[in-house]
Each structure stands twice: as C-alpha cells, then as structure tokens.
Amino acid sequence: MSQRFERGQLYVVSAPSGVGKTTLIRHLLTKLPFVRFSVSCTTRPPRSGETPGTDYHFLSREEFQRGIREQRFLEWAAVHDAYYGTDGDQVARWLEEGWDVLLDIDVQGARQIRCLRPQCLTIFILPPSMETLKERLLKRGSESPDQLEKRLSAAQQEIMEAPWYDFIIVNDLLHEAQADLEAIFRAQRCRRIFQSRRISPFLALDEP
Ligand code: 5GP
C-alpha cells in the first residue's frame with residue numbers, strides 16, 4: 001500500500017477544537033506513507049512547540065492579504081480572529097503526482113472545497129458528547145472561562161455542519177478513532193478506480 005497512484009485523492013478533515021483532530025492526523029501520517037499533509041498559511045502567532053513550515057506557514061496580515069490578491073489560496077477563511085488558507089499550487093502538484101492530500105481545515109473551508117473539488121472526501125470528527133468536549137477543554141487548561149464558553153458555542157455551530165460530511169468519526173476511544181480514520185484512507189485506495197493499473201495485466205489475453 002505504499003505506492004503512489006496516477007492521481008491522488010483529496011481529503012478534508014474538520015472538527016471543533018478540543019476533539020483531538022491533530023492527534024488523529026499525526027498518527028495517520030505516521031501510518032500511511034502515501035498521504036501528504038497540506039501545511040496551511042495563518043496569521044495567528046505560533047504556539048509553543050509549533051514549527052514554522054511543519055505546523056503552519058506563519059504569515060503577517062499583509063503577506064496573507066497579498067496571497068489572497070494573487071489567488072495563492074485554494075480556499076481561505078477567518079477563524080478565531082485570524083486568517084487561515086490552503087496553498088493551492090502545493091495541493092494541485094501533490095494530487096497530480098499521485099499522493100493523497102489531507103487538508104485540516106474548518107467548516108467554512110470545507111464548504112469551499114466541496115464546491116471547487118466535488119470529488120473530495122470529507123471527514124468530520126465528533127466528540128462523544130458536549131459534556132466530554134467541555135471536560136477535555138477544561139483539562140487542557142489553556143482557555144479562560146470566557147474563551148471556554150466561546151469555544152463551546154463555536155463547537156455547537158461547527159457540529160451543525162457535520163451532516164454535510166461524507167464520513168463521521170466519534171473520537172471516544174482514541175485507538176478506535178485512529179483505526180476508523182486509517183480504514184477510510186485504506187478502503188478508498190482499494191477502490192477499482194484507483195486499481196485499474198493493477199488489474200489490467202491479469203486481463204491481457206495471450207495471442208493464439
Ligand atoms: P488552530 O489555530 O487551532 O491550529 O486552528 C483553528 C482552526 O483553523 C481549526 O479548525 C483548523 O482546522 C482551521 N484551519 C487550519 N488551517 C486552515 C486552512 O488552511 N483553512 C481553513 N479554512 N481553516 C483552517
């Protein structure tokens with residue numbers, strides 16, 4: 001399963017903050033060598049432990065606005081007071097080279113990608129319940145009570161978009177959610193449309 005194909009599959013993964021999406025994506029990337037992660041551009045400052053060029057391309061507002069004018073982004077959106085956008089050239093190049101490409105983007109970006117690239121597959125990660133999400137955000141301890149309330153009401157709004165996604169994964173037990181995410185990517189690769197080059201040698205009849 002490590003070979004590249006003629007053309008890759010585009011995936012969008014969205015989730016409210018605190019659901020564990022980053023952990024799931026990092027695990028997937030260690031398991032599946034045919035998946036490329038699209039590093040987004042953002043105007044928010046780096047958090048501790050984040051590496052420029054690996055987690056995000058950190059841009060100034062001016063650089064980001066220039067990117068919008070020059071149509072650098074496949075999609076972009078304002079999320080939590082910052083701009084976020086997907087580098088369109090990079091994604092197109094990887095898909096043409098046969099890599100599967102994963103976009104970790106919010107529900108506004110997912111809506112844009114669904115229109116621009118209808119063949120994309122979209123995955124929404126849900127918490128088991130709003131109570132569990134609140135507990136996880138509290139445990140993280142990075143939000144003030146005011147921010148916590150904002151995150152929870154944003155989460156509620158984002159979850160309203162879940163019915164428009166192709167796949168829903170509930171991140172209750174981490175190892176099960178990891179297996180579910182991997183299964184989606186692996187099953188898609190087994191589809192006939194991605195396997196025609198593997199089948200055709202068996203179908204070639206010898207000349208009499
Ligand atoms: P964070 O700042 O916590 O890394 O991300 C905040 C939100 O922005 C997350 O929902 C994440 O999926 C989303 N996001 C990250 N990159 C992009 C992007 O390129 N486009 C859009 N639309 N959202 C993004």
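**A walk through the predicted chain**

The protein chain exposes about 12200 Å², of which carbon and sulfur atoms supply 52%, the accessible areas coming from the Shrake-Rupley method with a 1.4 Å probe and, for residues, with only the protein chains shown counting as cover. This is a predicted model, in which local features need pLDDT of at least 70 and side-chain atom pairs count only at pLDDT 80 or more, while totals for chains, interfaces and linings use all residues. Residues are numbered from 1 along each chain as its sequence is written, and side-chain values use heavy atoms, with hydrogens and water left out.

Along its principal axes, the C-alpha trace of the protein chain spans about 80 × 40 × 30 Å. The chain holds eight helices and nine strands, where helices (H or I, at least four residues) and strands (E, at least two) are DSSP runs numbered from the N terminus. Of the 208 residues in the protein chain, 43% are buried; buried means under 20% relative accessible area, exposed means over 50%, and partly exposed lies in between (1.4 Å probe, protein chains only). Among contacts (heavy atoms within 4.5 Å) between residues at least 6 apart in sequence, 68% join residues at least 24 apart.

The charged pairs offer a way into the fold. Side chains of opposite charge can pair when their charged atoms come close. A search of the whole structure finds six salt bridges, each being a side-chain nitrogen of Lys or Arg within 4 Å of a carboxyl oxygen of Asp or Glu. One of them joins the side chains of D55 and R26, with an N to O distance of 3.4 Å. This pair links distant parts of the chain, since D55 sits in the loop between β3 (40-42) and β4 (56-58) and R26 in helix α1 (residues 21-31), 29 residues apart. D55 is buried at a relative accessible area of 18%, whereas R26 is exposed at 53%.

Another salt bridge is formed by R189 and D100, whose closest N and O atoms are 3.0 Å apart. Because R189 lies in helix α7 (residues 174-189) and D100 in strand β7, the pair ties together parts that are 89 residues apart in sequence. Both R189 and D100 are buried.

The side chains of R111 and E161 also meet in a salt bridge, at 3.0 Å from N to O. R111 lies in helix α4 and E161 in the loop between α6 (145-159) and β9 (167-170), so this pair ties together parts that are 50 residues apart in sequence. R111 counts as partly exposed, at 41% relative accessibility, while E161 is buried, with a relative accessible area of 15%.

R111 also enters the description of D106, which lies in the loop between β7 (100-104) and α4 (107-116). D106 is buried yet has no salt bridge, and R111, the nearest side chain of opposite charge, is 7.0 Å away; for this purpose Lys and Arg count as positive and Asp and Glu as negative, with His and the chain ends not counted. The side chain of D106 is instead joined to that of Q108 by a polar contact of 2.9 Å. A polar contact is a pair of N or O atoms within 3.5 Å; within protein, one must be able to donate a hydrogen and the other to accept it, and residues adjacent in sequence count only if both atoms are side-chain atoms. Not counting residues up to four places away in sequence, D106 touches S14, A77, V79 and Y165.

A second polar contact concerns T86, whose place is in strand β6 (residues 82-87). T86 is buried, with a relative accessible area of 0%, and its side chain makes a polar contact of 2.5 Å with the side chain of E75. Leaving aside residues up to four places away in sequence, T86 touches several residues, including S38, R72, L74, V91 and I105.

L74 appears again in relation to Q90, a residue of helix α3 (residues 88-97): Q90 and L74 are 16 residues apart in sequence and 9.7 Å apart in space, C-alpha to C-alpha. Q90 is partly exposed, with a relative accessible area of 25%.

Two further places concern the surface. Q71, in the loop between α2 (61-69) and β5 (73-79), is exposed at 71% relative accessibility. Most residues other than glycine have a negative phi, but phi of Q71 is near 55 degrees, a positive value. F202, found in helix α8 (residues 192-203), is exposed, with a relative accessible area of 72%. Together with I199 and L203, F202 forms a nonpolar patch on the surface with about 360 Å² of accessible area. Patches are made of residues with over 30% relative accessible area and no salt bridge, like charges being joined within 9 Å and nonpolar side chains (Val, Leu, Ile, Met, Phe, Trp, Tyr) within 5 Å.
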